[in-house]
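Hi everyone, thanks for coming along. I'd like to walk you through a structure, starting with the whole chain and then stopping at a handful of residues.

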Amino acid sequence: MNSYFNQNSVITSSNDNKSNVTMFFTGDVMLGRGVDGILESRQNVFKNVDPLFLNADAVVVNLEDPMTTSSINFKKTVPLKANPIYAPVLKNNNIVVACLANNHIMDYGNTGLTDTINALRSNGINYTGAGDNLDQATQPVHLNIKGRKIAILNFLDNSTFTEFLPSEMPGATINSPGYAPADWNIIKQRIDESKKNSDITIVVFHYGNEYSTIPNPFQIELSHECIDEGADMVIGSHPHVIQKIESYKGKPIFYSLGNFVFDQTNPATHTSLMVEMDMTGNEARIIVHPMTLVNSIPRPMDNTTSTALLEELKNQSSLNMTIEGGNGILTFPIE
């Protein structure tokens, strides 16, 4: 159903002739620490969204931990990891792409990154946002789903992590492993390449300030630049809380979806957004699903609460979003 396609291939067919495709995007998924015990008890942390995920064509998540058994943590402050034995949990819930450009992927150094990539590969899960060198780390995932070509790029803005040494949070370089840094020259190049070889280009960022409900100026500038360059949608994570939704030049920007599977106790981190993208003909219909985390597990928010949240988000940006049945609906053209 899902596959890579040649990055140098040329698209010649119209979207009118292509099948409908449904994808989901979530915020931070962390399968270690307190979530480990839930998984060990054989609970499915995606159980409340499983019917949606399994009926979709693909799910894309930000994987907020290396999957490794290493005990040597290079980042000393709040190092996160998950056991690689839980990688099948992702596969079994139709998670097709794991975004790795975040502030925890290198917590256990090169070993942690290598173990993560091996665990994902062995379960047929695509990844982007980290790699053995800068070229590999910044490569997008290209999906070919029912004749539609979708490019997903992933980068980390490290400007809010000045307290960490480069050895604790290494970005990829020409000849060393790490995450994909949010360098505009690289992002621009990858967007330009992706636009030539895809029907739709989506940029996923790990950016912003933790626990801030307001996007910082760099988030806004960078997201706008991506849309200006030709990206179709920007999705953000990292703050652990949700931030505003914006329509810029008719294209959606989700500055922060918040947590999705996470064990943080702060009630503010328990509100989440899940984004559904339904591609039909030359249009993408975006459905915003408000979620709440209960014991680290996401579940749909009740209609009254979700409608109030969506109204608040709508008013923050004068957003042209309709609200139906507790979900928000946006549309944009696929050119």
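The protein has eight helices and 18 strands. Its radius of gyration is 18 Å, close to the 20 Å that the globule rule gives for 335 residues, so the protein is as compact as a globular protein of that length. Please keep in mind that this is a predicted model.

If you drew a box around the C-alpha atoms along the principal axes, the box would be roughly 50 × 45 × 40 Å. How much of the chain is buried? Of the 335 residues, 58% count as buried. Now take the contacts with a separation of 6 or more: 73% of them are between residues 24 or more positions apart. As for the surface, the protein exposes about 13100 Å², and carbon and sulfur atoms supply 48% of that. On charge, there are 22 positive and 35 negative side chains, with the centres of the two sets 5 Å apart.

Let's go to single residues, beginning with D57. You'll find D57 in the loop between helix 2, residues 50-55, and strand 2, residues 58-63. Is D57 buried or exposed? Its relative accessibility is 5%, and anything under 20% counts as buried, so D57 is buried. What does the side chain of this acid pair with? One partner is the side chain of K146, in a polar contact of 3.0 Å. There is also a backbone partner: a polar atom of the D57 side chain lies 2.8 Å from the backbone nitrogen of T22.

Next, a serine. S198 sits in the loop between helix 6, residues 184-196, and strand 9, residues 200-206. S198 counts as buried, at 7% relative accessibility. Which groups does its side chain meet? A polar atom of the S198 side chain is 2.6 Å from the backbone oxygen of S194, and the side chains of S198 and T201 are joined by a polar contact of 3.1 Å. To give you a sense of scale, the C-alpha atoms of S198 and R121 are 23 Å apart, with these positions 77 residues apart along the chain.

While we're here, have a look at helix 6 itself, where I186 is found. I186 has 15% relative accessibility and counts as buried. Setting aside residues up to four places away in sequence, I186 touches L134, T138 and F155. F155 is 31 residues from I186 along the chain, and their C-alpha atoms are separated by 9.8 Å.

Another buried side chain to visit is L39, which belongs to helix 1, residues 34-40. Its relative accessible area is 7%, so L39 counts as buried. What does L39 contact beyond its neighbours within four places in sequence? The list is L31, V45, Y86 and V89. A172 is 133 residues from L39 along the chain, and the C-alpha atoms of L39 and A172 are separated by 31 Å.

Now to backbone angles, with two residues to compare. R42 is not a glycine, yet it has a positive phi of about 70°. R42 lies in the loop between helix 1 and helix 2, and at 78% relative accessibility it counts as exposed. N94 is also not a glycine, and its phi is positive too, about 65°. N94 lies in the loop between helix 3, residues 87-92, and strand 3, residues 95-99. Unlike exposed R42, N94 counts as buried, at 13% relative accessibility.

My last stop is N158, in the loop between strand 7, residues 148-156, and strand 8, residues 178-179. Is it buried, exposed or in between? N158 has a relative accessible area of 38%, so it is partly exposed. Leaving aside neighbours within four places in sequence, N158 is in contact with M169 and Y179. With Y179 there is a polar contact too: the two side chains are joined at 3.0 Å. N158 and S237 are 79 residues apart in sequence and 13 Å apart in space, C-alpha to C-alpha.

To recap, we met a buried aspartate, D57, whose side chain makes a polar contact with K146, and a partly exposed asparagine, N158, whose side chain makes one with Y179. Thanks for listening, and I'm happy to go back to any of these residues.

How values were computed: Residues are numbered from 1 along each chain as its sequence is written. This is a predicted model: local features need pLDDT of at least 70, side-chain atom pairs count only at pLDDT 80 or more; totals for chains, interfaces and linings use all residues. Side-chain values use heavy atoms; hydrogens and water are left out. Helices (H or I, at least four residues) and strands (E, at least two) are DSSP runs, numbered from the N terminus. The radius of gyration is taken over C-alpha atoms; the globule rule is 2.2 Å times the number of residues to the power 0.38. Buried means under 20% relative accessible area, exposed over 50%, partly exposed in between (1.4 Å probe, protein chains only). Contact means heavy atoms within 4.5 Å. Accessible areas come from the Shrake-Rupley method with a 1.4 Å probe; for residues, only the protein chains shown count as cover. Lys and Arg count as positive and Asp and Glu as negative; His and the chain ends are not counted. The place of a charge is taken as NZ of Lys, CZ of Arg, CG of Asp or CD of Glu. A polar contact is a pair of N or O atoms within 3.5 Å; within protein, one must be able to donate a hydrogen and the other to accept it, and residues adjacent in sequence count only if both atoms are side-chain atoms.
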